[in-house]
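Good morning, and thank you for joining. I would ask you to keep the structure in view while I go through a few of its local features.

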Amino acid sequence: MAEESTNATLSNLATESRSFPPSDEFAAQANATAEWYDRADSDRETFWAEQADRLHWHQKWDKVLEWDAPFAQWFVGGKLNVAYNCVDRHVEDGHGEQVAFHWEGEPGDTRTITYVDLKSEVCKAANALTELGVQTGDRVAIQLPMIPEAVVAMLACARLGAAHSVVFGGFSPGALRSRIEDAEAKLLITSDGQYRRGKPAPMKENTDEAVKDTPSIKHVLVVKRTETEVPWTEGRDVWWHDIVDRQSDEHEAQPFDSEHPLYILYTSGTTGKPKGILHTSGGYLTQAAYTHHVVFDHKPGESVYWCTADIGWVTGHTYIVYGPLANRATSVMYEGTPNTPHEGRHWEIIQKYGVSIYYTAPTLIRTFMKWGKEIPDKFDLSSLKVLGTVGEPINPEAWMWYRENIGHDKCPIVDTWWQTETGAIMIAPLPGVTATKPGSAMRAVPGIAANVVDESGTPVGPGGGGYLVLDKPWPAMLRGIWGDEERYRETYWSRFAEQGYYFAGDGAKYDDDGAVWLLGRVDDVMNVSGHRISTTEVESALVSHPTVAEAAVVGASDPTTGQGIVAFVILRGNVAQDEGKGADAIKALRDHVSKEIGPIAKPRQIMVVDELPKTRSGKIMRRLLRDVAENREVGDVTTLADSSVMDLISEGLKDGGKSED
Ligand code: WTA
């Protein structure tokens with residue numbers, strides 16, 4: 001990450017003395033108390049067994065944890081069905097009429113789905129998937145907008161013991177194809193189109209391109225959302241309403257082993273190839289449900305909960321689907337963008353449904369700040385009780401704005417640190433216990449162990465800074481990278497192999513009170529609006545364009561998106577340099593990246609240069625490029641093979657070759 005933004009954060013936290021304890025009233029009714037930390041510390045396994053007992057097990061486990069580093073098995077010998085836990089048991093317990101989802105479509109259409117409705121839809125979908133040949137152990141790819149069928153499809157897979165691989169709707173056909181190939185998915189579930197900023201946009205055309213040449217895919221199941229005309233392949237393509245609606249709404253959920261795969265979710269690493277993060281059933285659901293219960297102080301049947309993430313990211317998996325449903329939540333699910341048709345849409349939805357728990361991302365909070373406090377001021381937000389954030393470090397200014405203008409000084413803010421790999425929240429306040437500090441995720445939740453260590457793996461202690469590690473296995477931890485054990489060991493367990501720590505890839509610091517402050521990634525992974533994108537992935541996309549010889553990509557700090565993607569490219573010799581530097585050529589390159597990976601990876605800025613700064617061993621010095629991208633004086637160049645390169649770059653940039661919109 002940018003050392004400079006680390007320094008900015010460090011100096012911030014040196015002066016940060018504000019602290020906000022919960023009100024006595026909030027503390028008195030909270031789901032978790034301070035005593036939970038000690039209880040968990042004194043006997044972790046008993047603590048986690050108690051949390052697992054909140055679920056329904058068809059067969060109880062024999063052993064809480066089997067740890068053969070770096071491979072964990074939790075609740076060994078136990079059997080459960082994840083979908084049964086999320087749906088059926090609530091109906092059997094007499095809560096069938098409780099609303100599971102208040103769904104709000106972008107154009108303003110709505111659907112109310114009770115637990116009985118959800119059970120019926122999931123059973124029908126499970127029967128339909130079976131008819132389409134999906135069996136326990138198979139993989140199913142899902143690329144859908146934020147519609148109820150996305151949740152139903154995931155739960156139907158879980159019910160059958162088929163692992164789903166959800167791919168974010170904004171990813172390109174190429175990105176979808178490589179994920180289908182890697183997991184050898186048998187079925188793709190998608191839609192005709194999707195609403196985006198008030199207009200229907202194509203979906204099936206893109207997914208068709210992705211499955212042009214993927215022999216593992218036997219069928220494409222298509223949900224009708226936008227009524228768009230779509231291309232159709234007879235024999236392969238099936239409408240959701242044709243096959244699902246005619247199924248029986250009875251389906252008996254089979255118990256699966258606690259370690260049975262639940263899903264694969266691809267995330268960017270430091271190489272170009274995304275990693276298929278594998279999560280399994282019992283431990284994952286235990287931690288998902290537990291953290292949702294204690295960190296959001298969720299009260300079943302009372303709270304109205306809204307997580308604004310997309311189903312395509314891990315936050316959507318754990319905190320729209322599995323955690324809340326396991327806890328019998330009533331959730332809001334919203335299909336669209338926050339400014340369609342107006343910039344108060346989120347506040348309008350909170351007012352309409354009486355949302356009490358709102359969980360969103362810092363980048364969105366900064367966008368709301370930009371739009372102005374007059375917008376939320378027009379709505380009644382008095383139902384809110386707890387506010388959450390996730391995805392990137394939240395700057396104290398945005399935290400305070402959120403507290404004052406959305407929480408009206410009475411809602412605890414829970415800044416939650418976790419990753420696709422951790423499966424569930426790891427570091428966060430307990431809203432009824434913790435005196436929170438603006439910008440800090442505070443400390444690991446009860447039952448979770450985290451530490452900050454130096455280069456050599458030695459804990460730094462209060463006031464010290466270094467690398468964030470997880471030093472004990474946790475129930476929702478990834479069980480591996482799909483099909484690549486070596487990469488799993490190498491990526492997460494080699495950096496501190498001697499100590500046996502999981503290396504999270506994030507820098508962190510303890511303040512003098514021992515609160516943890518996350519400082520961003522220390523590897524070549526960028527964080528743009530809370531989305532993880534690797535520099536190498538964008539570089540490969542650029543180099544795949546016929547005019548580009550070489551590319552170097554950095555994440556430069558950005559006031560709204562956290563980081564913005566800035567690319568430096570060297571054009572091929574046969575490209576007329578003036579033309580290659582022109583606005584049209586730069587636009588073509590940005591569009592090319594968007595087409596290759598998806599619009600989230602479109603560079604904010606592309607600069608055409610003649611040389612790139614490299615060390616003698618050929619490693620690109622991104623630090624220097626970041627100086628340029630952030631308009632700073634260029635730092636120490638002594639390790640460059642050719643120290644005049646930076647002058648050339650700065651000179652060259654004065655003559656154009658820079659573009660952004
Ligand atoms: C970053 C999202 C600071 C971090 C759940 C991590 C955060 C990466 C926070 C994981 C936070 C997430 N404070 N940084 N509260 N939450 N991050 O896999 O760099 O999409 O490693 O999971 O986001 O991103 P991922």
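Which residues does arginine 196 contact, once its neighbours within four places in sequence are left aside? They are Glu106, Ala201, Glu335 and Thr337. Please bear in mind that this is a predicted model. Arginine 196 belongs to strand 9, which covers residues 193-196. With a relative accessible area of 37%, arginine 196 is partly exposed, because that value falls between the 20% limit for buried and the 50% limit for exposed residues.

Arginine 197 sits in the loop that runs between strand 9 and strand 10. Its relative accessibility is 56%, so arginine 197 is classed as exposed. Not counting residues up to four places away in sequence, arginine 197 is in contact with Glu106, Thr337, Asn339 and Thr340.

Both arginines appear in an annotation from UniProt, an unreviewed entry, labelled "binding site". That record lists Arg196, Arg197, Gly198, Lys199, Thr315, Asn339 and Ser529. The annotated positions span 334 residues of sequence and are spread in space as well, with C-alpha atoms up to 25.6 Å apart.

I turn now to the aromatic residues. The whole structure contains 39 aromatic pairs. In one of them, tryptophan 36 and tyrosine 290 have ring centres 6.4 Å apart and planes at 10°, and the pair is therefore stacked. Tryptophan 36 lies in helix 3 and tyrosine 290 in helix 11, so far along the chain that 254 residues separate them. Tryptophan 36 and tyrosine 290 are both buried. They also belong to a cluster, linked by ring pairs, that includes Phe47, Trp48, Trp57, Trp61, Trp74 and Phe75.

A second pair joins tryptophan 474 and tyrosine 502: the centres are 5.3 Å apart and the planes stand at 80°, so the pair is edge-to-face. Tryptophan 474 is in the loop between strand 22 and strand 23, while tyrosine 502 is in strand 24, so this pair ties together parts 28 residues apart in sequence. Both tryptophan 474 and tyrosine 502 are buried.

Strand 24 also takes part in an open sheet of 4 strands, ordered 21-22-24-25 with antiparallel pairing. Strand 21 and strand 25 form the edges, each pairing on one side only. From one strand to the next, the twist averages 45°. Strand 22 and strand 24 pair over 5 bridges, and tyrosine 467 has glycine 507 of strand 24 as its bridge partner.

Finally, two arginines sit over rings. Arginine 443 lies over the face of tyrosine 37, 3.7 Å from the ring centre. The charged end of arginine 111 is placed over the ring of tryptophan 103, 5.9 Å from its centre.

Key. Residues numbered from 1 in each chain as written. Predicted model: local features only at pLDDT ≥ 70, side-chain atom pairs only at ≥ 80, totals over all residues. Heavy atoms only, no water. UniProt positions renumbered as here; feature names shortened; annotations may be inferred. Helix = DSSP H or I, 4+ residues; strand = E, 2+ residues; numbered from the N terminus. Buried < 20%, exposed > 50% of the residue type's maximum accessible area, 1.4 Å probe, protein only. Contact = heavy atoms within 4.5 Å. Pairing = 2+ DSSP bridges. Axes fitted to C-alpha atoms, helices over the stretch in contact; angles between N-to-C directions. Phe/Tyr/Trp six-rings, centres within 6.5 Å; stacked < 30°, edge-to-face > 60°. Lys NZ or Arg CZ within 6 Å of the ring centre and 35° of its normal.
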